[in-house]
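Reader: I've got the model open and a few things I'd like to ask about it. Could you walk me through them one by one?

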Amino acid sequence: MLLLQKTPRIYSVELNGAKDMKQTDKGDGKDKYRGLQDNCLELGKNQRKEHLTKEIDLDDHKLSNKELETKYHTNIVTGLSSTQAAELLARDGPNALSPPKETPEIIKFLKQMVGGFSILLWAGAILCWIAYGIQYSNDKSSSLDNVYLGAVLALVVILTGIFAYYQEAKSTNIMASFSKMIPQQALVIRDSEKKIIPAEQLVVGDIVEIKGGDQIPADIRLLFTQGCKVDNSSLTGESEPQSRSCEFTHDDPLETKNIGFYSTTCLEGTATGMVINTGDRTIIGQIASLASGVGNEKTPIAIEIQPFVHIVAGVAVSIGVLFFIIAVSMKYRVLDSIIFLIGIIVANVPEGLATVTVTLSLTAKRMAKKNCLVKNLEAVETLGSTSIICSDKTGTLTQNRMTVAHLWFDNQIFMADTSEDQLKQTFDQSSGTWASLSKIIALCNRAEFRPGQERVPIMKRVVVGDASETALLKFSEVVLGDVMEIRKRNHKVAEIPFNSTNKFQLSIHKTDDPIDKRFLMVMKGAPEKVLEKCSTIMVNGQEQPLNNTTAEAFYTAYMELGGLGERVLGFCHLYLPADEFPETYSFDVDAMNFPMSNLCFVGLLSMIDPPRSTVPDAITKCRSAGIKVIMVTGDHPITAKAIAKSVGIISANSETVEDIAKRLNIAVEQVNKQDAKAAVVTGTELKDMSEDQLDEVLTSYPEIVFARTSPQQKLIIVEGCQRQDAVVAVTGDGVNDSPALKKADIGIAMGIAGSDAAKNAADMVLLDDNFASIVTGVEEGRLIFDNLKKTIAYTLTKNIAELCPFLIYIIVGVPLPLGTITILFIDLGTDIVPSIALAYEKAESDIMNRKPRHKKKDRLVNEPLAVYSYLHIGIMQSLGAFLVYFTVYAQEGFRPSTLINLRVEWEKDFVNNLEDSYGQEWTRYQRKYLEWTGYTAFFIGIMVQQIADLIIRKTRRNSIFQQGLFRNKVIWVGIASQIIIALILSYGLGSITALNFTMLRPQYWFVAVPHAILIWVYDEMRKLFIRLYPGSKAGGDKNMYY
Amino acid sequence: MRRQLRSRRAPVFPHSYRYRLDDQDEVNQNYLADEEEEAEEEARVMVVPNLEEEEEEEEVKEEEEKDEEEGQGQPTGNTWWRKLQIMNEYLWDPEKRMSLARTGQSWSLILVIYFFFYASLAAVITLCMYTLFLTIGPYMPTFTERVKPPGVMIRPFAHSLNFNFNVSEPDTWQHYVISLNGFLQGYNDSLQEEMNVDCPPGQYFIQDGNEDEDKKACQFKRSFLKNCSGLEDPTFGYSTGQPCILLKMNRIVGFRPELGDPVKVSCKVQRGDENDIRSINYYPESASFDLRYYPYYGKMTHVNYTSPLVAMHFTDVVKNQAVPVQCQLKGKGIINDVINDRFVGRVIFTLNIET
């Protein structure tokens, strides 16, 4: 049921149908009625199956292999030819489900139109028109100003709506293109060769091979299976694995064992099958239309922004209403009061906030460039708040390029060459044991070279198969020559592939010795498991009974090799007696009708998977970022520990309890557990632990390695971490990892090694499987959060400077310092590019040195941010802008003392000889023109100080000089845009009076500059204080650090 | 005292907080604020021994757990009541003596800090304004380009530019007479002779000397207006259907009409038949503003400055019909055709004289 705790992520559009089915099915069928009778459930399931069956017209499961071959014009061994496949592809179309219907675009668009602040602005526009209506009914010749203002407001809403809609569509497209970058692959036989092609290109008649972890790429009729089990839960709701075989077992295609369905997952084993249906003609395709539609979940960014919108809107409305009441009680006309109300609303609403979404899509793109594919944008941000990373070892921390390093046979350890371009191995190869060992190495191996690489150096050839098999294949290719030829001579008759429960791999071969009719059974696997099955050991080519001495020698060698952090494999073989196993004997790997004990142990071989060079650095970064890195691996504890030490998960000077015990030569129980910083916990120990004990382990040790764990235990570890209130990121690749990936706050799948199931369950895909990419992701996640904060802080600051004019206008009665239209020109003109530019800001130096964000505690828009923006910088800005305003008025003749309470006279249309401070007389229009000059002056004042605001917002903690003024070039583009827009508005459009801008004397542009510098100095002081006294109240971390 | 021993414990998040964090934001804030205020106190208490810190933490944990139990003990249906309680507690928490998540001490500190912050901002703005005033002369405005070219106003003015009156009904024009009389009080000959000097006509009355010296003003006597002075005809011609309208040019510091070419006033019918106005008498007869009234030195020093007037005596206007009249200033430096501003260099009014 844990699977259900997190809604499955939508991997790609094609899979929606399947996913939703799963959801509804489990939800309805199990969750709700679990307490009721099971019959009910069965009934439901059966009904459903019947319902499906009615629609399905499929009889391929009844046909024999031959009939199938003729029906689909294919050959089971050689597959289709490329030309045939191309023709069929052209005829049938790609093997993909047609995407389900989405929310109509118009609905999405309308949602943008009424969401957030838009509704406030609509209200403002309507109020404008109402005001005009009142004016008009009183006086037919009243000016159309209010109609224009209303129209402008409506236009603003529509424009920002279009912008937001466009951004959303763009980010959706980016996400969609990302999901295309992780295409499903299929291993197909065409032209007698195994090829990996995108699953979309499959056609009917293709012969495909699947293995555990794969998603079945189309509806297939199974031709050959090997312990194959599938998870059909997405189709039928049966959550238990279903075994598959080649036999026709049931008339109903949904019940028969020889059909594998598109989009279901193969859990274990291998199978070969023929594609019988593709795309929309698959079973899932036929029913996909029954359950389509994407659940729209709110992203954390949306969750963070929503309360902020509510708060700002609340503030806007309450200030507006408050001043409406004040205005009315100050005997202003109701009509005027309505105009004030509109002005206050417009001043309070950050109209330019639609740019926030730009930040998100920018980051997603940037992350993709750094090999992190984000499947949903929220993941970026979650990644930033990660506090624990549970990482796999293989491939993530290491290069996933196994190389044979040591061999042990004849009681001796041999060194192998591990260099990049090994051409031959130089160790002693004369022993008879080596002959046997090399044969096992070559035969007990499923890896194959991709065809057509004969000229490529062996070490560079592309191999189909897992890492250690690849290493072994390459190793034996170097030592023995053409391995494929050897395998052909020793025909394989049965095989048990490696799996994590058995921990061994076994195959049975006919030998190439024409005289010897015995079958050779070869086995490799975890050495202790292999040794368990052995009763003899080969020394110098001779079989000897396995006694304590030899076993001890084995363990010494094993521990020594393991202690080097190497993966050790044990190899054994057995010639099956010809009398019991005649040539015609049919081996059944499910029934295991062959001996599994008393084998002959041949030797050990150890492989190294060197850590990636970038990992130690990345781990150090994580540590300073307050992120705990826990290694969870299926490997041996010693291997795990050795790798953990070499990459720094266990730091050089930390010891485990066992280390201390060993050093002090005392029993493990006597060691004071407080002294140990690191812990290596094995899967067996974990199995016996209670939840509390696990919690204790997780809290008391900063450095933990979980070894020999099964994927199920990974889930337990993740849950344990989450109990500590941590945000857990989990890496995984196997199909069994998907529960853990889903359970984790952020699941990270490996792009190269990962199975489809894992990629489906994950929130993020690492294209290069590199741990360092996760750290980059964390950094990006934190950066996006920081930059959003900066953008919002920047956007909010000027709201005070826009609001104050109205308040002063109403209370003090000065001529209006800033018009409503002018406010819109700030919000949507000069401030747009700078607020986007902040999204390009580089990370501050402490970004990876601070604690991860607490999801519920550290909000995007917090009290310090609002207080600092509004009450500190905002007020300073207002003062600066008022200074410009007063300067303009004073120099033109109206000293501040004259301005007070001048409003009523000032606005009287018939007063055309209003006296100023010098006794000069002004006509109404001259005053109006001066008022617009005042608007322009105030506007320039705000603009100049917004430049300072932009520069101070570059950092929250560091000095600007630490951050570098010129590292973010876009900021300068932003500043240039501010100045250019202001210049155009003042000088270019100065003659268009409708916009209320006038030419401003050049010197007025510089009046606010000292204030801008003051803002910058003040903020530098704040930052200095925060840096000098981190965490202290006086330093203002709590009040001043936003 | 015990609170003083506490220390910041931001990184530690005991389990008992989880419930609260999930569900109760306000309480959460409370908790955070608690931390804040303690941190502040810690700053003063200096070093705190570690052991005691831990003890304190445990104590707090217990306390919180207790709180939680209480919270859960209440009937669950009463979420509104609980929210109200939380809100109430946020506003005033009697136990911790906190209001809005701050103690009185914390509040006073905040207020003091803000007081000083805003006081220094006020100082800064005062300094700026002081500098501003330093750059602005009290006698002459820095720039006059916005107030130029001069605007025009007429008297009598009663909120409207439509002169509707019935000759035979004094009530309809009495207020014009009162307005004109009031306006012309400052032009009384006796007053002008007492206050102002009689300066030579036809040239600027330039007074050099320091800016701050008081300037003399030229006389403009009421009697200059002759028939429109209200001296001979106290009804300014309204009783006979020949109304007087006074025209005044807006004062502008330093404004000088062209030498030898004073600003003239001329009125005509704005729209319609030009013959609707058959004759207008101007007083002074030149229909111009004499140069001696210029320049104006500003009201600080030019205290008794008397704006020159031109009276238009509409002696023969078509009766019982609205006549739109436009009076324009003419002269160099005068603009009288600004579209947006109908009071710059001109004034438009209607006469509707009924008999």
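Reader: Which residue takes a positive phi just after α20(A)?
Author: Keep in mind that this is a predicted model. Look just past the end of helix α20 of chain A, which covers residues 637-647. The phi there is positive, about 100°, and the residue that takes it is A:G648.

Reader: And which residues of that helix are buried?
Author: Buried means under 20% relative accessible area. In α20 of chain A, the residues that meet this are A:P637, A:T639, A:A640, A:K641, A:I643, A:A644 and A:V647.

Reader: Is A:N277 buried or exposed?
Author: A:N277 sits in strand β7 of chain A, residues 265-277. Leaving aside neighbours within four places in sequence, A:N277 is in contact with A:L58, A:V204, A:A218, A:D219 and A:T282. The relative accessible area of A:N277 is 15%, and the cut-off is under 20%, so A:N277 counts as buried.

Reader: On to the two chains: how much area do chain B and chain A bury between them?
Author: The contact draws 50 residues from chain A and 59 from chain B. Carbon and sulfur atoms account for 57% of the buried area. The total that chain B and chain A bury is about 4,900 Å².

Reader: How many salt bridges are there between chain B and chain A?
Author: One of the pairs to look at is A:E915 with B:R251, where the closest N and O atoms are 2.7 Å apart. That fits the cut-off, which is within 4 Å. Between chain B and chain A the count is 5 salt bridges.

Reader: Which element gives the largest share of the side of chain B that touches chain A?
Author: Elements of chain B that each supply at least two residues there are α2 (16-23), α3 (25-45), α6 (104-135), β3 (152-155) and β5 (244-249). By class, that side has 32 nonpolar, 12 polar and 15 charged residues. The largest share, 13 residues, comes from α6(B).

Reader: Last one: which helix gives the largest share of the largest nonpolar core?
Author: That core has 182 residues, and B:Y238, B:L247, B:M312, B:F314 and B:F349 touch the most other members. Take B:F349: its contacts beyond four places in sequence include B:I154, B:L161, B:M312 and B:F314. The largest share of the core, 16 residues, comes from chain A, namely from helix α33 (residues 924-953).

Definitions and conventions
Residues numbered from 1 in each chain as written. Chains lettered and ligands numbered in written order. Predicted model: local features only at pLDDT ≥ 70, side-chain atom pairs only at ≥ 80, totals over all residues. Heavy atoms only, no water. Contact = heavy atoms within 4.5 Å. Buried area = accessible area lost by both parts, 1.4 Å probe. Salt bridge = Lys/Arg side-chain N within 4 Å of Asp/Glu carboxyl O. Helix = DSSP H or I, 4+ residues; strand = E, 2+ residues; numbered from the N terminus. Nonpolar A, V, L, I, M, F, W, Y, C, P; charged D, E, K, R; others polar. Buried < 20%, exposed > 50% of the residue type's maximum accessible area, 1.4 Å probe, protein only. Core = buried A, V, L, I, M, F, W, Y, C linked by side-chain atoms within 4.5 Å.
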